Amino acid sequence: MSPTPIRNHIRRLRDARDGLTQEALGAACGVTRQTIIALEAERYAPSLELAFRIARALGVGIDDVFRWEE
Amino acid sequence: MLARGKLGGAVAEDERDRAIDAVGGSVGHGAIVLCLVGFAVMLGLSPPQRLTWVTPPVVATRMLFILLWSGIVDYATRGVLYWRDRR
């Protein structure tokens, strides 16, 4: 997938939660570890549902995880 | 539902996989259309004396080759997209 204008702080927020692994976050959100890798590399824009699931899994609001950057 | 086909607790396929499948399928479909249009144009615009090799078995073989080629393009596209995500 091509780079996306949707930026995120998933890696930083994940590290702040006692080193939550990509595998664990993926399992919590119902996606593969590779999808989490692609998200953190900002090569994939999540669906709205996935964005909300990630925010809930990280315990923060969706605006704290994702931002739009042209 | 985000994920489908959980194997032993692990997620086998999710929305990103389906998105990549969709792109691969779209590119493969485009390859079929491009090849068929090119083949039809070639047949239509060539003078008859240059089309003596175009027999029904040859046309059938070309069609099968186009199908195979579109499948190769489809899977190659998926491979490239997965490779790019892991870089």
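This is a tour of a predicted model, chain by chain, with a selection to make at each stop.

**Stop 1: chain B as a whole**

Start by selecting chain B and switching to cartoon. DSSP gives two helices and zero strands here. Helix H1 of chain B runs over residues 15-45, and helix H2 of chain B covers 56-86. Of the 87 residues in this chain, 25% are buried. Turn on a surface and you are looking at about 5,800 Å² exposed by chain B, with carbon and sulfur atoms supplying 71% of that area. If you like contact maps, take the contacts in chain B with a separation of 6 or more: residues 24 or more positions apart account for 57% of them.

**Stop 2: a nonpolar stripe on chain B**

Now select B:Val33, B:Val37, B:Val41 and B:Leu45. Together these residues make a nonpolar surface patch of about 370 Å². Why might residues with this sort of spacing share a face? An α-helix has 3.6 residues a turn, so residues three or four places apart point the same way. Zoom in on B:Val41, which sits in helix H1 of chain B. Is B:Val41 buried or partly exposed? B:Val41 counts as partly exposed because its relative accessibility is 43%.

**Stop 3: B:Met63**

Hop over to B:Met63, in helix H2 of chain B. With 36% relative accessibility, B:Met63 is another residue that counts as partly exposed. Which residues does B:Met63 touch, once neighbours within four places in sequence are set aside? Show B:Leu36 and B:Phe39 as sticks, since those are its contacts. Then draw a distance from the C-alpha of B:Met63 to that of B:Thr52: the two are eleven residues apart in sequence, and the distance comes to 18 Å.

**Stop 4: where the chains meet**

Bring chain A back and colour the contact residues. The contact takes 14 residues from chain B and 18 residues from chain A. About 1,500 Å² is buried between the two chains, and carbon and sulfur atoms give 51% of that. How many salt bridges are there between chain B and chain A? The count is zero, although the total over all chains is ten.

For a look at chain A from this side, select helix H3 of chain A, residues 33-40. The buried residues of this helix are A:Thr35, A:Ile36, A:Ala38, A:Leu39 and A:Glu40. Their cover includes parts of both chains: strand E1 (6-8), H1, H2 and H4 of chain A, together with H1 and H2 of chain B. Step just past the end of H3 in chain A and check the backbone at A:Glu42, where phi is positive, at about 55°.

**Stop 5: the core of chain A**

Next, hide the surface and select A:Ile10, A:Leu39, A:Leu50, A:Ile54 and A:Val65. These are the residues with the most contacts inside the largest nonpolar core, which has 16 residues. The elements that give two or more residues to this core are H1 (10-16), H2 (22-29), H3 (33-40) and H4 (48-58) of chain A. H4 of chain A gives the most, with five residues.

Stay on A:Val65 and expand the selection to its contacts. Beyond the residues up to four places away in sequence, A:Val65 touches several others, among them A:Ile10, A:Leu13, A:Ile54, A:Ala55 and A:Leu58. A:Arg7 is also one of its contacts, and that residue leads to the last stop.

**Stop 6: charged pairs in chain A**

Show side chains for A:Arg7, A:Glu42, A:Arg67 and A:Glu69, which are linked in a network of salt bridges. A:Arg7 and A:Glu69 meet at 3.8 Å, N to O. That pair links distant parts of the chain, with A:Arg7 in strand E1 and A:Glu69 in the segment after strand E2 (66-68), 62 residues apart. A:Arg7 is partly exposed at 21% relative accessible area, and A:Glu69 is partly exposed at 33%. A:Glu69 also pairs with A:Arg67, at 3.0 Å. A:Arg67 counts as partly exposed, at 35%.

Finally, select A:Glu23 and A:Arg33, whose side chains form a salt bridge at 4.0 Å, N to O. A:Glu23 lies in helix H2 and A:Arg33 in helix H3 of chain A, so this pair ties together parts that are ten residues apart in sequence. Both residues count as partly exposed: A:Glu23 at 47% and A:Arg33 at 30%.

Key. Residues are numbered from 1 along each chain as its sequence is written. Chains are lettered from A and ligands numbered from 1 in the order in which they are written. This is a predicted model: local features need pLDDT of at least 70, side-chain atom pairs count only at pLDDT 80 or more; totals for chains, interfaces and linings use all residues. Side-chain values use heavy atoms; hydrogens and water are left out. Patches are made of residues with over 30% relative accessible area and no salt bridge: like charges are joined within 9 Å, nonpolar side chains (Val, Leu, Ile, Met, Phe, Trp, Tyr) within 5 Å. Accessible areas come from the Shrake-Rupley method with a 1.4 Å probe; for residues, only the protein chains shown count as cover. Helices (H or I, at least four residues) and strands (E, at least two) are DSSP runs, numbered from the N terminus. Buried means under 20% relative accessible area, exposed over 50%, partly exposed in between (1.4 Å probe, protein chains only). A nonpolar core is a set of buried Ala, Val, Leu, Ile, Met, Phe, Trp, Tyr and Cys residues joined through side-chain atoms within 4.5 Å. Contact means heavy atoms within 4.5 Å. Buried area is the accessible area (1.4 Å probe) that two parts lose on being put together, summed over both.
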